[in-house]
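Thanks for sharing this one with me. Here are my notes, set out as numbered points, for you to read alongside the model.

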Amino acid sequence: MSGIQLPFGTTYETVPASTTGQVMGNLGSKGDTLVGITATVGTSATSTLTIIDGTTSYVLVPPSTPVGVYSIEINANSLNGAWSITTAAGVTALVTGNFS
């Protein structure tokens, strides 16, 4: 870990495989903090995991990532809207952050 001090209220959410655009938090909003993601790849061919910052998407786990568990540190505030997560059929996620 980078030594970042986690804000009070940091929580986690689970994102199952084959999920499209699961919003983090009750409603999510601009300024929410995404601390990190633990991605579990069970099937390499369908391992894509994408985060979306309101309108901008970032692929964090590309297709054909080997089977395994990956800890991804983010430590970023949303600039465009609610954080949301999309997973393909071969990956699940445990997402930590401070979400509204």
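1. Let me start with confidence, since this is a predicted model. The mean pLDDT of the protein is 91, and 91% of the residues score at least 70. Going by strands, confidence is lowest in strand 1 (residues 11-15), with a mean of 93, and highest in strand 7 (residues 83-87), at 98.

2. On to the fold. The protein has eight strands and zero helices, giving the pattern β-β-β-β-β-β-β-β when read along the sequence. Its radius of gyration is 13 Å, close to the 13 Å that the globule rule gives for 100 residues, so the protein is as compact as a globular protein of that length. The C-alpha trace spans about 35 × 30 × 20 Å along its principal axes.

3. How do the contacts distribute along the sequence? Taking contacts between residues at least 6 apart in sequence, 78% join residues at least 24 apart.

4. For the surface, the protein exposes about 5300 Å², and 58% of that is supplied by carbon and sulfur atoms. Buried residues account for 35% of the 100 residues.

5. Next, the interior. The largest nonpolar core has 16 residues, and those with the most contacts inside it are Met24, Leu34, Ile37, Leu49, Ile51, Ile85 and Val95. Strand 3 (33-41), strand 4 (49-53), strand 7 and strand 8 (91-98) each give two or more residues to this core. Strand 3 provides the largest share, with four residues.

6. Ile37 is a good residue to click on. Setting aside neighbours within four places in sequence, Ile37 is in contact with Leu49, Ile51, Leu60, Tyr70, Ser71, Ile72, Ile85, Ala93, Leu94 and Val95. Among these partners, Leu49, Ile51, Ile85 and Val95 are also listed with the most contacts inside the core.

7. Please have a look at Ser29 too, in the loop between strand 2 (19-23) and strand 3. Is Ser29 buried, partly exposed or exposed? Buried means under 20% relative accessible area and exposed means over 50%, so Ser29, at 31% relative accessibility, counts as partly exposed.

8. Which residues does Ser29 touch, not counting those up to four places away in sequence? They are Ser78, Gly81, Ala82 and Ser100. With Ser100 there is also a polar contact, side chain to side chain, at 2.9 Å.

9. One last distance, in case you want to check it in your viewer: Ser29 and Ile52 are 23 residues apart in sequence, and their C-alpha atoms are 12 Å apart in space.

Key: Residues numbered from 1 in each chain as written. Predicted model: local features only at pLDDT ≥ 70, side-chain atom pairs only at ≥ 80, totals over all residues. Heavy atoms only, no water. Rg over C-alpha atoms; globule rule 2.2 N^0.38 Å. Buried < 20%, exposed > 50% of the residue type's maximum accessible area, 1.4 Å probe, protein only. Contact = heavy atoms within 4.5 Å. Areas by Shrake-Rupley, 256 points an atom, 1.4 Å probe, with all protein chains shown as cover. pLDDT = per-residue confidence, 0-100. Core = buried A, V, L, I, M, F, W, Y, C linked by side-chain atoms within 4.5 Å. Polar contact = N/O pair within 3.5 Å; in protein donor to acceptor, adjacent residues only side chain to side chain.
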